[in-house]
Amino acid sequence: MTEQLDTLLNEARRFPPSPEFAARAQATAATYAEARADRLRFWADRAAELEWSTPWHTVLEWDPPHAKWFTGGTLNASVNCLDRHARGAKRNQAALLWEGEPGDRRVITYWELFREVGRAANALRALGVQRGDRVAIYLPMIPEAAIAMLACARIGAIHSVVFGGFSPESLSDRINDSKVKVLITADAGYRRGQVIPLKRNSDKALETTPSIEHVVVVQRRPGSSGDEAFAEMREGRDHWWHRLMQDAPLSCEPETMDAEDVLFILYTSGTTGKPKGIVHTTGGYLTGVAATTRMVFDLKDEDVFWCTADIGWVTGHSYLVYGPLANGATCMMYEGAPDWPEKDRFWDICERHGVTILYTAPTAIRAFMKWGDEYPAKHDLSRLRLLGSVGEPINPEAWMWYREHIGGNRCPIVDTWWQTETGAIVISPLPGITSTKPGSATKALPGHSADLLDSLGKRIDVGGGLLALTKPFPSMLRTIWGDDARYVETYFSKWPGRPDLYFPGDGAKRDSDGYFWILGRVDDVLNVAGHRIGTMEVESALVEHPAVAEAAVVGKSHELKGQAIAAFVTLRDKSKQSPALRDELKEFVAKKIGALARPDDILFSADLPKTRSGKIMRRLLRDIAEGRALGDVTTLADPNVVASLRDQYEDKEG
Ligand code: PRX
């Protein structure tokens, strides 16, 4: 980390916004001044930009660490994302420009989206879904994913979207944790030319999910009706989406929701074996995502906004669905891989659809860099006017490449720091105001307040420390589904006696201009290709394999993915160790959790380095995985263990 800090400290390049961009920007210096002068007023003004059925009586009730925003107010998220626009001048404007991986396309206007959502909402009601019920969504990146989310919002059902890359077991865990009543899935999805059998995965998951009453299946494979290979429909439980939609009336009275009613649950990895259900509410979340979409992405009516994130992650929720649609924007949505059929697919999409704002992840940018400058160079990207980055620290080299080869040295870059828990962007440049520095997420947005503290809670002016969010904000999580104690413990117990300070789990550096440089997680959570994975989750998966006695998982740096997973495994029977078993264990984890959790390295070891009290010393394992000099080994019970592990690792690498 020290080396990383030094490199960042030496980053001297500055990119102020161009006068032309600044002159037309949505957010101005006055936006900061307004928020500084009266933070609650600032958020109340942002909330007032939404459509409410009843006005709130109190902006914030703060009983640390529990917050309620806009209490007394009622609204409906789908009305804000659809009806407002479908009724007015945006009626015939495209809400979604969709492209499937095989090349099929759909353009859905606000009016059409409004109708589809109304139908889907009625179909769900007809299946018995009521306000407060949970609905799981396990779909590919097709318009029905957004339609399903908004249909839930319309009838006050709580959606829980599960990324299509997760395994049946991960899906069933998430369904069971919040006792989901209805699952919406598809026969299949496409990824890099492969057909992903989502319905088959769902059927497997549904073997252990007693709460599920109905399954709705979107037909993704053209002409596959009755194609039993991909969707075996179970009588009474399973329904084709298109049949339900045919019969459903299009007008659907929206449920009037309290500002604090739950809009959705989204599971994310933490430091234990089981993911936690992050709870977001209606009024605060929508206020946060609508305001940040406009401020950070400088959204204008003529824009085509493309957030490349999957709907299964928070970025897809906030900046593909709720934020842009609440603003009446036109969103690009793409189903598949960036290198299918060729490595220029993204640039081809940008050119053909006239994308003006692109929001993607550093992992993708590093892959584009590696593939070569010729792919973007083949396309006219001159419509692009703003670029965004999210999900992991962006290295200055990737930032500069993005600026030059995608942004034509003309587009500002917003490096946005936030989390599933914060719901919306917290630290980011404002493109018409902030002078950016490659690799820095810069400063907290108006209405937010971030600080850098040491482990005792002392403020660090300049240097490295722990990131803290010091004031509540509307889009923050309210709790963890079914486990409020874990909410308090995980996020608000870092600094004793300060239940008002939110700890996101990230380390950061602050420079002499007050800019933040996010360094990454300081807990046992990895960030692999922008996806959060708990080391404990992978460990729990590994020890379920009959051959494994014990496992310890750490992250190691990876050129493209940011971090990769390295697992140290002790076998029950040492003589079983073999390259075949190594592959089998990698596959076993991929099957149990999902391909994103497949370890890059598995190292067999007779023993794991432990303290005398039996705690695994991950710090040393990280040193070994990174090939670094070992840190302090004096507290080890058996110092020989690390030496032997390191020798093995070096052998393996060689
Ligand atoms: O470590 C930070 C990293 O991603 C974590 C949040 O992951 P998740 O909840 O999956 O949400 C990702 C999309 C918002 C953070 O704790 N992270 C996110 N954005 C950045 C980042 N690290 C550095 N720079 C960022 N811009």
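## A walk from strand β24 to helices α3 and α4

Start by selecting D506 in this predicted model: its bridge partner in strand β25 is R521. Now widen the selection to residues 516–521 to show β25, which pairs with β24 in the antiparallel sense over 5 bridges.

Next, look at the link between these two strands. β24 and β25 form a hairpin with 5 residues between them. Click on G514 in that turn, where phi is positive, at about 80°.

Now turn to the other partner of β24. Select residues 463–469, strand β22, which runs antiparallel to β24 and is joined to it by 4 bridges. To find one pairing by eye, pick G464 and look across to K509, its bridge partner in β24.

With those neighbours on display, colour residues 506–510 by accessibility. Is β24 buried or exposed? Because 5 of its 5 residues are buried, β24 is largely enclosed by the rest of the structure. Rotate the strand to check each face: D506, A508 and R510 are buried on one side, and G507 and K509 are buried on the other.

For the last stop, move to the helices. Select α3 (residues 29–37) and α4 (residues 39–47), whose axes come within 5 Å and cross at roughly 120°. That angle makes α3 oblique to α4. Show side chains for T31, E34, A35 and A37 of α3, then R39, F42, D45 and R46 of α4, and you have the residues that make the contact. Colour them by type and you will find 3 nonpolar, 1 polar and 4 charged.

Terms used
Residues are numbered from 1 along each chain as its sequence is written. This is a predicted model: local features need pLDDT of at least 70, side-chain atom pairs count only at pLDDT 80 or more; totals for chains, interfaces and linings use all residues. Side-chain values use heavy atoms; hydrogens and water are left out. Axes are lines fitted to C-alpha atoms, for helices over the stretch in contact, and angles run from 0 to 180 degrees between N-to-C directions. Angles under 35 degrees count as roughly parallel, over 145 as roughly antiparallel, 65 to 115 as roughly perpendicular and the rest as oblique. Contact means heavy atoms within 4.5 Å. Ala, Val, Leu, Ile, Met, Phe, Trp, Tyr, Cys and Pro count as nonpolar, Asp, Glu, Lys and Arg as charged, and the others, Gly among them, as polar. Buried means under 20% relative accessible area, exposed over 50%, partly exposed in between (1.4 Å probe, protein chains only). Two strands pair if DSSP finds at least two bridges between them.
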